[in-house]
Amino acid sequence: MNTDAKSRLRRTMMFVPGNSPKMINNADLYGADTIMFDVEDSIFVSQKDAARLMVKYALKAIPFNCETAVRINHVTQTPFGIDDLKAILPSKPDLIRLPKTESVDEVRLVTKMIEEVEQREGFPAGSINIICAIESVRGLYEVRAIAKEPRVVAIALGGEDFIADLRTQRTQRGIEFYHARSEILLAARDAGIQAIDTVYAEVANLEGFRQEVTDIKDMGFDGKSVVHPTQISIVHEIYTPTEKQIAHAVKVLACYKDAVANNKGVLAVDGKMIDGPIVVRAERIVAQARAAGILAEEGYEDAK
Amino acid sequence: MKSIQKEATVGFEETNDALVTVTPSAIGQGITVELVSSVKRQYGEHMEALIVATVTEAGYTDVHVKVVDKGAWDYALQARVVAALNRGDVA
């Protein structure tokens, strides 16, 4: 139903305050893979009503090129979350981000509301999916079950709340997130979905940001939440495969396609046997290269 | 048609935004609009029609809508007008 949504390229998810039409108007210009309209932490309690309507009307009116997500308020721990969903779901965002997720019950409640709106509005089933943010120890202990809920396509680490819960602080080496990142990544992989890392709030410290993105990419994360447009190009650069990786991936896919077309059983490229995981990895590298604009669509077909 | 109970304001005098104030009018007054905008000469007619249509679609009448526009796009203007009506509809 939502297989594509589970594998979509999400190197960068950029937060955009939902009550700022100026920022909303420009949000699509910076090249983020996903823009995340926020009606939660960046919005004062007195402005929640105005923000959710701003996001509702923006999603209806602006033909965004990138994926759209909305971070709503908590559905059971605040009086705003359900109203957020009622206003925003009919505008068909691609994703709803649940903050501070701590149980599958929250996910199921939102899933039910999404299904009702999809049916009522005539949206194809699976149009609107869920990303869950883990921002507490309790949430982390439930992440394996949360990740397996059918509408959930990604798990994000909500780092600032998480370290408050741990009673520690942010460090450059990231030791405070070591366990949470590992657990989230493993839960996501076990469920066949994506893992998105937390924001890096020191916008001026681009070197620190670069180091952190390199680390989380090496861990296996699919992308990072960003809070400023200057962070986008750094993430995309780090997530762009090298020429050598791309050339090999293109060759693997071309040989694989040839093998499938001609019923060749065993497949080898450059003397190495090619099996399922290698083809999947090659497909991911080609997808990343295309997203970075350094490989044309269907570019591997002629590369045999 | 519904009417609002009290005056309410939403929005900001910031770029691409609008400050919208709705005030209850006497029964039978309908929807009246007061628009302040640097682009009123070019877009005033369109914006006033949009404001009236938005109020009507939301199901309200007998309301005065004052808009101080700072270059809001249509969707932002609609969002502010609806939010103001909602706030004004709470006793």
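1. Of the 304 residues in chain A, 53% count as buried, a word that here means under 20% relative accessible area, found with a 1.4 Å probe on protein chains only. This is a predicted model, in which local features need pLDDT of at least 70 and side-chain atom pairs count only at pLDDT 80 or more, while totals for chains, interfaces and linings use all residues. Residues are numbered from 1 along each chain as its sequence is written, chains are lettered from A in the order in which they are written, and side-chain values use heavy atoms, with hydrogens and water left out.

2. On overall form, chain A has a radius of gyration (taken over C-alpha atoms) of 20 Å, which agrees with the value near 19 Å for a compact globule of 304 residues. The C-alpha atoms of chain A fill a box of roughly 65 × 45 × 35 Å along the principal axes.

3. The largest nonpolar core, a set of buried Ala, Val, Leu, Ile, Met, Phe, Trp, Tyr and Cys residues joined through side-chain atoms within 4.5 Å, has 93 residues, and those with the most contacts inside it are A:Phe37, A:Ile96 and A:Ile155. Its largest share, nine residues, comes from helix 2 (residues 74-88) of chain B. Apart from this core lies another, of 15 residues, including A:Leu253 and A:Val286.

4. Leaving aside neighbours within four places in sequence, A:Ile96 is in contact (heavy atoms within 4.5 Å) with residues including A:Val70, A:Leu85, A:Val110 and A:Asn129.

Terms used: Buried < 20%, exposed > 50% of the residue type's maximum accessible area, 1.4 Å probe, protein only. Helix = DSSP H or I, 4+ residues; strand = E, 2+ residues; numbered from the N terminus. Rg over C-alpha atoms; globule rule 2.2 N^0.38 Å.
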